[in-house]
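Okay, everyone, thanks for coming. Let me put my structure up on the screen, and then we'll walk through it together.

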Amino acid sequence: MAADRPNPVTPQLLAGFGAAVLFAAVVPHLVSDFTSFQFTQAMAYGIALLGLNILTGYNGQFSIGHSAFYAVGAYTAAILLYHFEWNHYATLPVAALVAFAVGFLFGLPALRLEGLYLALATFAFAVATPQLLKFDAFEHWTGGVQGLFVPKPEPLIEGLSADQSLYYVTLAVMVLLMIVAWCLLHSRSGRAIMAIRDNPIAASTMGINTALYKTTTFGISAMYTGIAGALSVFVTEFVAPDAFNFFLAVNLLVGSVVGGIVSIPGVIFGGLFLVFVPNFAQDISRAYPFVPPPWAIFGIFLILAIYFVPFGVWGAVERGFAWWKRKSAAGR
Amino acid sequence: MDLFLQLTLAGLAIGSIYSCVALAVVMIYQATDHFNFAQGEMAMFSTYVAWTLVGLGAPVWLAFLLAVGISFLAGVVIERVIVKPVENAPVLNQIIVFIGLLVIFNAVAGWIWEFTIKPFPSLFPEDLGFKSTLIGPHHLGVIALTLGVLALVFAFFRFTRVGLAMRAAAANPDSARMVGVSVGWMLALGWGLAASIGAVGGILVAPIVYLEPNMMAGVLLYGFAGALLGGVSSPGGAVLGGLVVGVLENWVGQYVPGGSELKLTFALILIVGVLVFKPAGLFGRVVVRRV
């Protein structure tokens, strides 16, 4: 039966992917260190969005609390760096594991919650996170309200600046995680994940262990977001509780929707949007006092996006591509 | 013992505010099957409206009534203009619209009124003619006023034609339409009422937590917890749930070490706990799913 399915790895896909990676590899030599730094941030967001897309877009479980998993990854990395002076990159797998464990455990009660209730539980998680991070008993480890300062990783290769080096590391991690996500979603397990989204009852009738798949997907999603959190610590060089408030969760959701929540490449657009558009909105609202503040513009943008382009940037690209293919086929 | 009674009574007062928010949440949930994540921020905005009216020289009670009325209209308009386009969209789209609303209200409030903390006058006089060491005048007033509001809401749904039509629209939209109920407008009315009840909650809680754009985040979370505990399909249960949550919050804050710093975490545990062990809440209907 598998033979009937066209091989999803088409030459066009490989060519497009290769070109994109090559382009991304050249970028830090074309732009300033600061811009590289911003792109690194965008890629870190992109990885977090990938986690959210797998969970919400492909598995149909809502989370408006992914800021919590971002915080888990960030604090794991920061604590290992600050208290134990680990190598930066050695903290990444640990952050991934810890975030996976927390996500998996949170996924267990989430099993019984559908749609809205899950959104509610994750909402509560997101709102409670900053307070938990400030808690006195953990202050020795978390640094309390002050947070923790950590150094930027040294450049891996001589001749690269610290920002450029970090850019390449983040790019490598993102590309790797994208390939992993693509393989996962195009596998038997991936079809099970999507079947659960489309019709949970039918999926379980077909013998899919929905409970196992849903919790594992929650864990994987949290893992992606945790890795992103850890990378973001390398970029920003510090963690503080209030950076992981509910608005970060909103940010992640916005990025997902903008890029296209049922897509893998869309996360790049989502990440870029999250880094550059708020700055832009801030500039505008500073320059013109009658323009509402950036967050309000963000909210308005979110609502308009969901009205008019609920499939996001990548969804629009795919639709355009399909239209072009149909048209050229009809013309022949 | 005095401390315990004080805590309990103060908990009931705070809890009755949670009840208002819980009831607002449940009203929209019953009518549309959705949690309005923007409920807290809408209430915060209403409170700012009242604050502005007080600043303009209106007596505090007049400001209260006006703000509640304005909130009603705003709720109706929001349903008609912003929520209606996604009425039949997937749940995700609707949640995103609510979150968009939340963010907009929060940012615009900060923009108009700034993020500085503002004192808000109590609706109730300092001197009630008697003294009690157990409960302050504001807390006592809060309990009385919310009970009054809840009685009004109950009477509205139980004894008026519009209330009956709203219940019909929520319970079975298709049949309601057949007998001539305008379901769309009933939904809008539900939003208006929810916004008004939320406004009552916001104005009552403002003298306790002080007025600032983020003041409702915790209150909304407790409102959700109350609504879930009582059962999202039961307005009466939601009210009771809110009261219970308020009292529990105070007890935990006093008697559990570290409890006062982790109040939001307590709400989180309560929400997850209820959802896992008794998803229908204490008084809710258990919904049986059919294939």
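So, how are α9(B) and α11(B) oriented relative to each other? They are roughly parallel, because an angle under 35 degrees gets that name, while over 145 is roughly antiparallel, 65 to 115 is roughly perpendicular and the rest is oblique. Here the angle is about 25°, and the axes sit 9 Å apart. Those axes are lines fitted to C-alpha atoms, for helices over the stretch in contact, and the angles run from 0 to 180 degrees between N-to-C directions. The crossing of α9(B) and α11(B) is left-handed. Left-handed means the near helix is turned anticlockwise from the far one by less than a right angle, and right-handed means clockwise.

Quick word on what you're looking at: this is a predicted model, where local features need pLDDT of at least 70 and side-chain atom pairs count only at pLDDT 80 or more, while totals for chains, interfaces and linings use all residues. Residues are numbered from 1 along each chain as its sequence is written, and chains are lettered from A and ligands numbered from 1 in the order in which they are written.

Back to our pair. On the α9(B) side, the residues that meet α11(B) include B:L221, B:F224 and B:L228. Across from them, α11(B) brings in residues including B:L264, B:I271 and B:V274. By contact I mean that the C-beta atoms of two residues, placed from the backbone, lie within 7 Å. Sorted by class, the residues of this helix contact come out as 12 nonpolar, 1 polar and 1 charged. For the classes, Ala, Val, Leu, Ile, Met, Phe, Trp, Tyr, Cys and Pro are nonpolar, Asp, Glu, Lys and Arg are charged, and the others, Gly among them, are polar.

Now let's zoom out to chain B. How many helices and strands does chain B have? There are 11 helices and 0 strands; both are DSSP runs numbered from the N terminus, with helices being H or I of at least four residues and strands E of at least two. The radius of gyration of chain B is 19 Å, close to the 19 Å the globule rule gives for 291 residues, so chain B is as compact as a globular protein of that length. That radius is taken over C-alpha atoms, and the rule is 2.2 Å times the number of residues to the power 0.38. Buried residues make up 51% of chain B. A residue is buried if 20 or more other C-beta atoms lie within 10 Å of its own, exposed if 12 or fewer, and partly exposed in between, with C-beta atoms placed from the backbone.

Just before α9, in the loop that follows α8 (183-209) of chain B, sits B:Y210. Phi of B:Y210 is near 70°, so a positive value in a residue other than glycine. Most residues other than glycine have a negative phi. B:Y210 counts as partly exposed, with 13 C-beta neighbours inside 10 Å.Chain A has a similar case to show you: A:E237 has a positive phi of about 70° although it is not a glycine. A:E237 lies in the loop between α10 (210-236) and β2 (238-239) of chain A, and with 14 C-beta neighbours inside 10 Å it counts as partly exposed.

What else is in chain A? Chain A has 14 helices and 2 strands. Its radius of gyration is 20 Å, which agrees with the value near 20 Å for a compact globule of 332 residues. Of those 332 residues, 49% count as buried.

One helix pair in chain A is worth a look: α3 (residues 66-84) and α4 (residues 88-110), whose axes come within 8 Å and cross at roughly 140°. α3(A) and α4(A) are therefore oblique to each other, and their crossing is right-handed. Residues in that contact include A:F69 and A:L80 of α3(A), and A:V94 and A:V98 of α4(A). The contact of α3(A) with α4(A) divides into 10 nonpolar, 5 polar and no charged residues.

Last stop, the place where the chains touch. How many residues does the contact take from each chain? It takes 38 residues from chain B and 39 residues from chain A. On the chain B side, α4 (91-113), α9 (216-230) and α11 (263-277) each supply at least two residues, and the largest share, 16 residues, comes from α4(B). By class, that side of chain B has 30 nonpolar, 7 polar and 1 charged residues. So our opening pair, α9(B) and α11(B), turns up again here, because each of them supplies at least two residues under the helix numbering we use.
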